[in-house]
Amino acid sequence: MAIRKPTAPSERSAVMAEMLAGAGESKFKNGSLVEGTVSAVKDGDVFIDIGYKSEGVVPLSEFGEGAEVKAGDKVTVMLVQLENEKTGMVELSKRRADDKIRWEKILERYVEGCVVTGTIKSAVRGGLLVQVDDVDAFLPGSQVEVTPVKDLEPYVGQTFDFKVIKISNERRNLIVSRRELIEGTLAEKKAELLANLQKGAIKKGRVKNITDFGAFIDLDGLDGLLHITDMSWGRIKHPSELLKVGQEIDVMVLDVDRERERVSLGLKQTTENPWNTIQDQFPVGARVSGKVVNLAAYGAFVEIAPGIEGLVHISEFSWTKRVARASDMLNIGDEVQVVVLSVDVENQKIALGIRQTQANPWDTVQDRFPVGSKVKGKVRNFTAYGAFVELEEGIDGMIHVSDMSWTRKINHPSECLQKGQEVEAVVLDVNAQDQRISLGLKQAQTDPWDDIAKKFPVGSVVKGKVSKIASFGAFVELEDGVDGLVHISQISDQRVEKVRDALEVGQDVEARVVKVDRAERRIGLSIRAMGMTDDEIRNLEADSTGETAPVSAKTAGSENLGGLSAAFDNAFANVEWQPGN
């Protein structure tokens, strides 16, 4: 006969449950609701007879604070466990039974999608707690309004209708939404508005949102776009300059796209277009006051009436000042006097001028600086062809390089002038229309060429320093600032490939005068002629001018001297001043 080992307590419970089930006691299942009778209340516990072999126990606290429980009372409890592993007793729960009974009643009363009325009890993490009859429902923060709500406290205590959006059996709670009800109502309003909205209608709206390109206006359930270009007849940089969120305004319906449910609105269209009467209000030549509302590199925009702006180009700021940027003379908000120069109604543009409000100093410049008069001024700037001298504020005269020296060939004004230097000059020409004054620096001095031929006769020996080197020869500075040219062929008896190989700037040289051209103000010098006789020098001069000299008088190498005049022409060729350069 086999001997059966003793079973463990847990095994005994399983065996007992199996035996009971087999005996027809299937009602005793964990989680089931059972009816019982209170047999005793002792030390905070309530003992209940459920018809099982042993009594069950329930903490008195589960009956509610101040509850009066006595023997003989009938109660419904939940069977938690037939045999508690620690106490060995039947474990029951009154609280769980009440929760299950209440939840079954909720399932009978509510379904997902139904509408209920509730009062918001308190704010909790993530939303609000709502009292719906005797049930607590959860209202997520995202479901309170159509738009996000940052502060939920003001909703506590208020009563609303809600839509049940989810019934959770696991958590035994309701999740409700106020937003879905609002959206449903708005959808109905939106459809009705779209069906009845007509172009040109004036509607009241509330500014719902502001963007860089415009504002969205709530037309009591339907949003319309008010573009920035339709806000004002004038210029605005950002919609926030005119509108604020929550502001109520009248707008005109410009377009309705029912298929895409889009509405375009206009604010400026609710007022008369000021450009319709602009020519009567601001005729050309009229002098008006205005406020600077915007600055650009090329000019300033001045508002001369609400919604009416004109442009003052930088060229119209001053008769004399050179304005690089509008901000150098004006600031936003400045009040200015302007003159209307032109009106373009079709393109809604007005050209204005500030300088026209003042006298033009160029109208009287010939009276102040007559031709032939001597003037003084400060060298303000250089160009490749001359120097600008400021005669008075905003009035410059120009000294061309050809009018800087009687004696020297000037290639750049910096060779004889410095910026900021005070100079005296003679007015050569005045063109008030083109605002140009031509000045001569050398004309204010005595022409030294009256004595040059006497001072430097052909054949004379001169000394000087090399002042400039060119590919065709070297310029030598003589007395009184007079320059003479040593052509490359006249540097040495030996062939010279490059002038710099034989001479350098600053070098002292000794040469003989071989040519003096009073009309062209040129002096030709020759270093190689230092060993020649006076007759040979005269023959050399004849060769350079194209005259015929006796063959016997010509010296070796003189056959290359016939191009000396051409060399002078290239070296001293004038650079013509082109007006406007």
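## Arg380 and its partner in strand E23

Arg380 counts as partly exposed in this predicted model, its relative accessibility being 32%. A salt bridge joins Arg380 to Asp396, and the closest N and O atoms of the pair are 2.6 Å apart. Since Arg380 belongs to strand E21 (residues 374-383) and Asp396 to strand E23, the pair ties together parts that are 16 residues apart in sequence. Asp396 has a relative accessible area of 7% and is therefore buried, because the buried class covers values under 20%. The bridge thus pairs a buried acid, Asp396, with a partly exposed base, Arg380.

## Ile399 in strand E23

Strand E23 spans residues 395-400 and also holds Ile399. Ile399 is buried, with a relative accessible area of 0%. Which residues surround Ile399, leaving aside its neighbours within four places in sequence? Ile399 is in contact with Tyr385, Gly386, Ala387 and Val389, and also with Met404, Ala425, Leu439 and Leu441.

Phe388 is 11 residues from Ile399 along the chain, and the C-alpha atoms of Ile399 and Phe388 are separated by 6.4 Å.

## Other salt bridges

The structure has a count of 23 salt bridges. One of them links Glu479 with Lys455, where the closest N and O atoms are 3.4 Å apart. Glu479 lies in the loop between strand E27 (473-477) and strand E28 (483-487), whereas Lys455 lies in helix H6 (residues 449-455), so this pair ties together parts that are 24 residues apart in sequence. Both partners fall in the partly exposed class: Glu479 has a relative accessible area of 48%, and Lys455 has a relative accessibility of 38%. Elsewhere, Arg95, Asp99 and Arg102 are joined into one network by salt bridges that share partners.

A further salt bridge is formed by Arg436 and Asp434, with the closest N and O atoms 3.9 Å apart. This separation still qualifies because the criterion for a salt bridge is a distance within 4 Å. Arg436 is partly exposed at 28% relative accessibility, and Asp434 is partly exposed at 41%.

## Cavity and lining

How many cavities of 30 Å³ or more does the structure contain? The count comes to 1 cavity. The largest cavity has a volume of about 30 Å³.

The lining of the largest cavity is made up of Arg408, Lys409, Ser467, Lys468, Phe475 and Asp483. By class, this lining divides into 4 charged residues, 1 polar residue and 1 nonpolar residue. The charged class takes in Asp, Lys and Arg, so Arg408, Lys409, Lys468 and Asp483 supply the charged part of the lining. Ser467 is the polar residue and Phe475 the nonpolar one, because Phe counts as nonpolar and Ser falls among the others.

## Cysteines and disulfides

A disulfide is a covalent bond between the sulfur atoms of two cysteines. A search of the whole structure finds 0 disulfides. Is Cys114 buried or exposed? Cys114 is buried, with a relative accessible area of 19%. This value places Cys114 in the buried class because the limit for that class is under 20%. Cys416, by contrast, is partly exposed, with a relative accessible area of 31%.

Technical notes
Residues numbered from 1 in each chain as written. Predicted model: local features only at pLDDT ≥ 70, side-chain atom pairs only at ≥ 80, totals over all residues. Heavy atoms only, no water. Disulfide = S-S within 2.5 Å. Buried < 20%, exposed > 50% of the residue type's maximum accessible area, 1.4 Å probe, protein only. 1 Å grid on protein atoms, 1.4 Å probe; cavity = no way out; pocket = protein on both sides within 12 Å on 5 of 7 lines; lining within 4 Å. Points joined across faces, edges and corners; volume = space filled by probe spheres on them. Helix = DSSP H or I, 4+ residues; strand = E, 2+ residues; numbered from the N terminus. Contact = heavy atoms within 4.5 Å. Salt bridge = Lys/Arg side-chain N within 4 Å of Asp/Glu carboxyl O.
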